[in-house]
Amino acid sequence: MAATGQSPEQSIKRLAELLAGARRPAALTGAGISAESGIPTFRSGDSGFWGRFSPQDLATPQAFAADPLLVWCWYAWRRAQLAEVQPNAGHKALAELEHRPAGFTVITQNVDGLHQAAGSRNVIEVHGSITAVRCSADCTPRRYRLHERETDPTAATAFGADREVAQLVAERGDEAFALIREGHAIPSGVPPVCPSCGAYLRPDVVWFGEELPIEAINRSYKLAERADVFLAVGTSAVVYPAAGLPELAGAAGAVVVEINPEPTPLSNQADLSIRSGAGSALSAALELLDRGPGRA
Ligand code: BJW
Ligand code: ZN
């Protein structure tokens, strides 16, 4: 049950105490942790991605089959947005926790790579990575990393196209997607094709109705079952199976802490709900942790 009646200061002090005593801490993160870096979340009314665009049109295998160009361009635009942003205090605090004796693992639903950019090494990406692409016909397990553009000709094509799409969206706004859908303003070589079989390449992310990478989700289940303190940071906790991880951790004995300015379906089950942005809550808890026992 969620702790009630605690001030934000008391909640953060309690989080610092929990982290100080934790032996197997872990976190599930969602789009909210990257919001303070300037990346829109999915479900925040009109400003979230799903307030502006339909997930059925952009984040399902059926959408890619129906309009690969549109879906490719949407991801190209998001990759270009990402090139402009930096990890924030929340990502940095979780990366810092990895250096404590108990270590720390981040299970992230985010595809943006900002945990790794902040220095986290133990990161499990359960919904894939936006900078990786793969054959949409699954002819090979090979993944192409777009940042390898200098050495990989496929990635170089994709990178050039990303810039063209980003420029188009910067100039025409959401109207750019209408133009693309109608067959106008299509950057050349988009979507790029698989060098082995000629099918389109697709982003290596998990769309609705697709299985999560088996190794990543199995490792996440194990971590949740073994955790003694489990944080759920910046997630609406509605997309399964990832949303089931905090519940699993709690059922297996972990203290579950939610950090989110808004209530979610997890709030009633969490032991502690901190109604605050991830950056301020995590950095304040880390500061208390660094002061040591009794001085928090
Ligand atoms: C802040 C903040 C600040 C703001 N600080 N916080 C059980 C019941 C019902 C349905 C299902 C079920 N099990 C499975 C399903 C179906 C479906 C699903 O869950 N649907 C529900 C939506 C109803 N799940 C799937 O389809 C999954 N696959 C699957 O189950 O496969 C089974 C299968 C088996 C065998 C064969 C085949 C299949 C796949 C789900 C894939 C989700 N993909 C996306 C897109 C990824 C690529 C991309 O980025 O484009 O993943 S959708 C989107 O949602 C993205 C996210 O990772 C995911 C979760 O969103 P997240 O991170 O929680 O973000 P938001 O925006 O929802 O929330 C942000 C939160 O931050 C808010 O609460 C804010 O308040 C908060 N916040 N500022 C802290 N500063
Ligand atoms: Zn192929």
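## Around ligand 1

Of the 34 residues that surround ligand 1, those coming nearest are Glu36, Arg43, Tyr75, Arg78 and Ser236. Keep in mind as you browse that this is a predicted model. As for where the molecule lies, ligand 1 occupies the largest pocket.

Backbone atoms also take part in the contacts here. Oxygen atoms of ligand 1 are found 2.8 Å from a backbone N or O atom of Ala31 and 2.7 Å from a polar backbone atom of Phe42. Tyr240 likewise places a backbone N or O atom 2.7 Å from an oxygen atom of ligand 1. Taken alone, ligand 1 would expose 1500 Å², and the protein buries 75% of that area.

## The zinc site

Now to the metal, ligand 2. The zinc ion has Cys135, Cys139, Cys194 and Cys197 as its protein donors, each through SG, at 2.3 to 2.4 Å. The angles among these 4 donor atoms run from 104 to 116 degrees, and the site is tetrahedral. If you would like to find the donor residues along the chain, their spacing in sequence is C-x3-C-x54-C-x2-C.

## Two cysteines, two exposures

Which of these zinc donors is buried, Cys135 or Cys139? Cys135 has a relative accessible area of 1%, so this residue counts as buried, the cut-off being under 20%. Cys139 has a relative accessible area of 39% and is therefore partly exposed, since that value falls between the 20% and 50% limits.

Key: Residues are numbered from 1 along each chain as its sequence is written. Chains are lettered from A and ligands numbered from 1 in the order in which they are written. This is a predicted model: local features need pLDDT of at least 70, side-chain atom pairs count only at pLDDT 80 or more; totals for chains, interfaces and linings use all residues. Side-chain values use heavy atoms; hydrogens and water are left out. Donors are N, O and S atoms within 2.8 Å of the metal (3.2 Å for Na, K and Ca); water is not among the atoms, so sites may look incomplete. Four donors count as tetrahedral if all angles lie between 85 and 135 degrees; four count as square planar and six as octahedral if opposite donors are over 155 degrees apart and all others between 65 and 115; anything else is irregular. Buried means under 20% relative accessible area, exposed over 50%, partly exposed in between (1.4 Å probe, protein chains only). A residue is near a molecule or strand if one of its heavy atoms lies within 4 Å of it. A polar contact is a pair of N or O atoms within 3.5 Å; within protein, one must be able to donate a hydrogen and the other to accept it, and residues adjacent in sequence count only if both atoms are side-chain atoms. Accessible areas come from the Shrake-Rupley method with a 1.4 Å probe; for residues, only the protein chains shown count as cover. On a 1 Å grid over the protein atoms alone, a cavity is a set of points where a 1.4 Å probe fits but cannot get out, and a pocket is an open set with protein on both sides within 12 Å along at least five of seven lines; lining residues have an atom within 4 Å of a point. A molecule sits in a cavity or pocket if more than half of its atoms lie within 2 Å of its grid points.
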